[in-house]
Structures are given as C-alpha cells and as structure tokens.
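Biologist: I would like to learn how to read a protein model, one feature at a time. Where should we begin?

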Amino acid sequence: MKTAGVIIVFLFGGLLVYGTLDFPDWGDPDAPASRHVSPRYIEKSLEETSVPNMVTAVLADFRGFDTLFETVVIFSAGLSCFFLLRTKRKAPEARFYRHLPTGIVLRIEKGGRLPEGSVEFERIDSIWVPHDLIIRATCRLLIPFIQLFALYVIAHGHHSPGGGFQGGVIFGAAFILYAVTHDLRDGLHRLGEKITIVLCSLGVFIYAGVGALCLFLESNFLDYAALAPVLGVDPVTARSHGILFVEIGVGIAVMAVMFAIYTNLSSVGKQDEGL
Amino acid sequence: MDLLVTFFLVCGLVIFTGGAVGILRFPDFYSRLHPAGKLDTMGLFMSMIAAALFTFKAFSLDAVLTGLKILLILVFVFITSPTATHAIVDAGVRANLMPWTKTEKRDAA
C-alpha cells in the first residue's frame, strides 16, 4: 500500500512537472497572461485612477469584484471559526486570584468569586502566569506605534506597498499582542466579541456599500467614477478616493476577523482564559 | 565616508557571523539565547548605522528622512529584542528547563 502511494505521488508529480513544460517562459512578454489586459493596466492605470501604485489600482478598482469576494472569504473564515469553536461559557471549576502585594495565589472553588471592586486581587489564568512587568511595559510602549503604522499602511496603499489587507493584519496583530501580553480578558475588554463581529460585517458592508452606491448613482457596481458628484471631485480622483474607502472597509474586516479567530482559538471557544 | 560605511558593515557582518556560530555551538537553550540577543542588537546596530550613513551621503531632505527612518528601526529593535529574549527565557523557566552545567549531572532533570 505504501509503495502504491509513493508510485501514485511520483506519477502525478511527474505529470504536473510535465504539464509545466508547456507553460510560457518566466517573464515572457508573449505569454497569454500578459498580452491582453496587462499592457493596458500598465499604460493606463495612472491616468485613469491617479493611483501611482499599479497593484492597488488593479486590486481595488479594475478587479474590484475579486477583492470584494476575497473580503467575503475572510469574513466567512471568521464567522466559521466562531460557529465551529464558540461554546457556551460555563462557570469554571475554580478561579485563581493573585494577591498583588504578596504574590500569593488563591484558588477559589466553584461559584465563589471576589467582591466587586476589590483592588488588591487580580484574576489570573489557571495555567502558570509569570509576573511580566517588562513585557507589559514594552508592549504598552509599542502598541500605539504598531497601530499608527497599520493606519499608515492602509492610507498609503495608493503610493507604496500596502493596503487594506496588510494594514488590517497589522492592526489585528496589535490587538493580539495586547491580548498575549496582558490576558485574554483584558484584550476582550478592549475589543469585545460583539464589537468584533459587528466590525467584520461592517467592513464587508462598507465595501459592498460603496459598490451599491455607484449602482444608485446610475453606473456599474464598483465603478467609483460615479462617486465624483458626491465627493465633489473629477471622476479620476473619485476613483482614487473610492479605492481608499474600499481599503478602509477591507482593513476593518481583516482586523476584526484576525482578533476574532485569535480569541476563539486561544480560549478553545470559551472566551474565558487562554494564552 | 565610503570607508566608514564599509567599516561598519564589515563589523556588523563579523558580529552576525559570530552570533550565528554561537547559536549553533553553545551547549544549551539559555546560552544560545545569549548570542541570539547579541545579533539583533549589536549586529543590527552596526549594519543599520552603515545603511543610514550611506543614505546621508547624498545630503538632501529625502535622504535625511530615509536615514532617520532607518535609525528608527534601531530604536524599535533596541526596545523589542531584549524583551523578546526575556520572554523566551521566561518560557524556558516555565517549561522547567534546567541551565546546563559542566558536571552534566543535571541533564536528566
């Protein structure tokens, strides 16, 4: 059976390699992919959309439908993670509290909890939790810069590598870093579960909404030039602005989905405690 | 100026090489972290200084801004690299990993 598997793998691998021989050479200007639309994108993207970064123009304008459904894929990834993993939060068997002045950890059995507003105790995870003052302080210092950089990547996607997906991932990573260095409850306190779900659908809604707005303004779906009268600019600049709106939507969706997947995976769906 | 850039670059590369050898050759987890931490700080310091000097050579506003951004990389790496090393050591302690000793008696632990 094992040898049969090896033979099949090599047979199909060989067929695939044989198939690649028919491909055009790397960077061949006569390749079918670069004969029809590519020259047009290269020559016209700047004058039609006033976006210097050709990749962004192709991604969010010429192939806007593709990117819209990519965003939907990410949205459904977050949603399926939620539906697969999220379980009902049961009261844990025991909670652990650390007395901050002395460092003694108390284990409180089922049902018991500290009175509200007790400041000398801090609830900790049931796995071993070190005193990580250095890591927390460093992350408090870094997270604002990471978030600022994420916004820069989103907003500067017109001119440099970047855009909604990358910026959204960086923004989500800032939240994940916060949840890792503090704990999951603190992270969820900053960006709650309901808010992440609202945000990831809001991101897709912004993208599709910009497209639908073009439809209402008597043009094609996702034809940003139709937004010109609303924005008060010429159609070329309107396409540039339309790309920005869409990128913002993508950024919001990706950020929220990143954090939702992290919280569900790290806490095995209980959203209670974890990494 | 070119001489200075080359000098810093070579210094950085020497430190990187030494660090890489150290990561491979040191006996245990904690001592391997020592060259790993050194790489990020001193090696990157030298090579980034070289890169910044190289951009400063064409003295214009753009070049100065680019150089400052390169120096900003240094600032962030200087903050994060020691913290990362600290966190990794914490993880090692948490996994009950004993430091290596010459007697090799405690390896079984």
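Modeller: With a definition. The radius of gyration is taken here over C-alpha atoms, and the rule for a globule is 2.2 Å times the number of residues to the power 0.38. Keep in mind that this is a predicted model.

Biologist: What radius of gyration does chain A have, and what would a compact globule of 275 residues have?

Modeller: A compact globule of that length would be near 19 Å, but chain A has 25 Å. Along its principal axes, the C-alpha trace spans about 70 × 65 × 35 Å.

Biologist: Which elements make up chain A, and in what order do they run?

Modeller: Chain A has 10 helices and 3 strands. From the N terminus, the order is α-α-α-α-β-β-β-α-α-α-α-α-α.

Biologist: How much of chain A is buried?

Modeller: A residue is called buried when its relative accessible area is under 20%. By that cut-off, 38% of the 275 residues in chain A are buried. The accessible surface of the chain comes to about 16,300 Å², and carbon and sulfur atoms hold 69% of that area.

Biologist: What share of the contacts joins residues 24 or more positions apart?

Modeller: Among contacts in chain A with a separation of 6 or more, such pairs account for 61%.

Biologist: How far apart are the mean positions of the positive and negative charges?

Modeller: Chain A has 22 positive and 26 negative charges, and their mean positions are 13 Å apart.

Biologist: Now a single helix. What span is expected of helix 8, and what does it reach?

Modeller: Helix 8 covers residues 193–216 of chain A, which is 24 residues. From first C-alpha to last it reaches 33 Å, close to the 34 Å expected at 1.5 Å a residue.

Biologist: Which residues of helix 8 are buried, and what covers them?

Modeller: Among the buried ones are Leu199(A), Val204(A), Tyr207(A) and Cys214(A). Their cover includes helix 3 (54–62), helix 4 (64–85), helix 7 (184–190) and helix 10 (235–266) of chain A.

Biologist: What is the phi of Glu218(A), just after helix 8?

Modeller: Phi of Glu218(A) is near 60 degrees, a positive value in a residue other than glycine. Glu218(A) lies in the loop between helix 8 and helix 9 (228–231). Leu222(A) lies in the loop between helix 8 and helix 9 as well, and has a positive phi of about 65 degrees although it is not a glycine.

Biologist: Is Glu218(A) buried or exposed, and is Leu222(A) buried or exposed?

Modeller: Glu218(A) counts as exposed because its relative accessibility is 77%. Leu222(A) counts as buried because its relative accessibility is 5%.

Methods. Residues are numbered from 1 along each chain as its sequence is written. Chains are lettered from A and ligands numbered from 1 in the order in which they are written. This is a predicted model: local features need pLDDT of at least 70, side-chain atom pairs count only at pLDDT 80 or more; totals for chains, interfaces and linings use all residues. Side-chain values use heavy atoms; hydrogens and water are left out. Helices (H or I, at least four residues) and strands (E, at least two) are DSSP runs, numbered from the N terminus. Buried means under 20% relative accessible area, exposed over 50%, partly exposed in between (1.4 Å probe, protein chains only). Contact means heavy atoms within 4.5 Å. Accessible areas come from the Shrake-Rupley method with a 1.4 Å probe; for residues, only the protein chains shown count as cover. Lys and Arg count as positive and Asp and Glu as negative; His and the chain ends are not counted. The place of a charge is taken as NZ of Lys, CZ of Arg, CG of Asp or CD of Glu. The expected span of a helix is 1.5 Å times one less than its number of residues.
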